[in-house]
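Please examine the sequence and the model shown below. The paragraphs after it lead through helices, a pocket and charged contacts in turn.

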Amino acid sequence: MITAWKLCTAVFLIAVLYTTLKSWLPAWAPLIAASCSMFVLVLLFTDGSSLAIFQWFGSLQNYAGIDFISCVYRAVGILLITDLARDFCKDAGLSAAAGCLDFAGRVLVLIAVEPMISMIWKEIQYLTG
């Protein structure tokens with residue numbers, strides 16, 4: 001619960017800083033947003049409770065296999081990076097580029113999870129005869 005309060009406070013202060021500096025120094029606004037986003041990510045992952053989900057994925061690895069978990073990790077990484085880049089493009093006023101990044105992220109996730117989909121398809125074919 002304390003991590004949630006820290007994140008809420010950090011995001012509020014970042015929003016105030018970004019809004020204030022955007023009117024004075026508009027060229028620096030995307031850089032400020034990027035550095036503040038990195039600060040929030042560091043704040044999120046320095047607390048041990050946030051890493052519990054990765055431990056849960058590690059326990060799933062025993063049941064599903066390494067290929068399945070690596071596909072999930074790749075897909076989550078692609079989604080996080082493209083979402084962050086899309087938000088930067090929207091903040092900079094490049095909505096067309098943000099839409100292209102969103103579409104590219106979806107296509108890359110489909111490519112990343114293709115081994116998992118084919119593994120599930122083979123299992124379905126095996127079970128149905």
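**Helices, pocket and salt bridges**

Helix α5, residues 95-112, comprises 18 residues and reaches 25 Å between its first and last C-alpha atoms, close to the 26 Å expected at 1.5 Å a residue. The expected span is 1.5 Å times one less than the number of residues in the helix; helices are DSSP runs (H or I, at least four residues), numbered from the N terminus. The model is predicted: local features need pLDDT of at least 70, side-chain atom pairs count only at pLDDT 80 or more, and totals for chains, interfaces and linings use all residues. Residues are numbered from 1 along each chain as its sequence is written, and side-chain values use heavy atoms, with hydrogens and water left out.

Within α5, the buried residues are A98, G105, V109 and A112. They cover an arc of only 65 degrees around the axis, which puts them on the same side of α5; the arc is that of the directions from the helix axis to the C-beta atoms. The face turned away from this buried side carries the exposed residues A96, C100, F103, R106, L110 and I111. Here buried means under 20% relative accessible area, exposed over 50%, and partly exposed in between (1.4 Å probe, protein chains only).

Helix α6 (residues 114-128) has 15 residues, which should span 21 Å at 1.5 Å a residue, and its end C-alpha atoms are indeed 21 Å apart. After α6 comes G129, whose phi is positive, near 90 degrees.

Helix α2 also agrees with its expected span: its 18 residues should cover 26 Å, and the end C-alpha atoms are 26 Å apart. Its residues A29, I32, A33, C36, V40 and L43 are buried. Viewed down the axis of α2, these buried residues fall within an arc of 95 degrees, so they line one face of the helix. Exposed V42 and T46 are carried by the face of α2 turned away from its buried side.

The largest pocket has a volume of about 460 Å³. Of its 17 lining residues, A33, S37, L84, D87 and F88 are the closest to its centre. A pocket is an open set of points on a 1 Å grid over the protein atoms alone, where a 1.4 Å probe fits, with protein on both sides within 12 Å along at least five of seven lines; lining residues have an atom within 4 Å of a point. The volume is the space filled by probe spheres set on the points. Helices α1 (2-24), α2 (29-46) and α4 (66-91) each supply at least two lining residues, and the largest share, seven residues, comes from α4. By type, the lining divides into 13 nonpolar, one polar and three charged residues. Ala, Val, Leu, Ile, Met, Phe, Trp, Tyr, Cys and Pro count as nonpolar, Asp, Glu, Lys and Arg as charged, and the others, Gly among them, as polar.

The structure holds four salt bridges, a salt bridge being a side-chain nitrogen of Lys or Arg within 4 Å of a carboxyl oxygen of Asp or Glu. In helix α4, R86 and D83 lie three residues apart, about one turn of the helix, and form a salt bridge whose closest N and O atoms are 2.2 Å apart. R86 also meets D87 in a salt bridge (3.5 Å, N to O). D83 is partly exposed, with a relative accessible area of 32%, and D87 is partly exposed at 31%. In helix α5, R106 pairs with D102, the closest N and O atoms being 3.3 Å apart. R106 counts as exposed at 56% relative accessibility, whereas D102 is partly exposed at 25%. D83, R86, D87, D102 and R106 are linked in a network of salt bridges.
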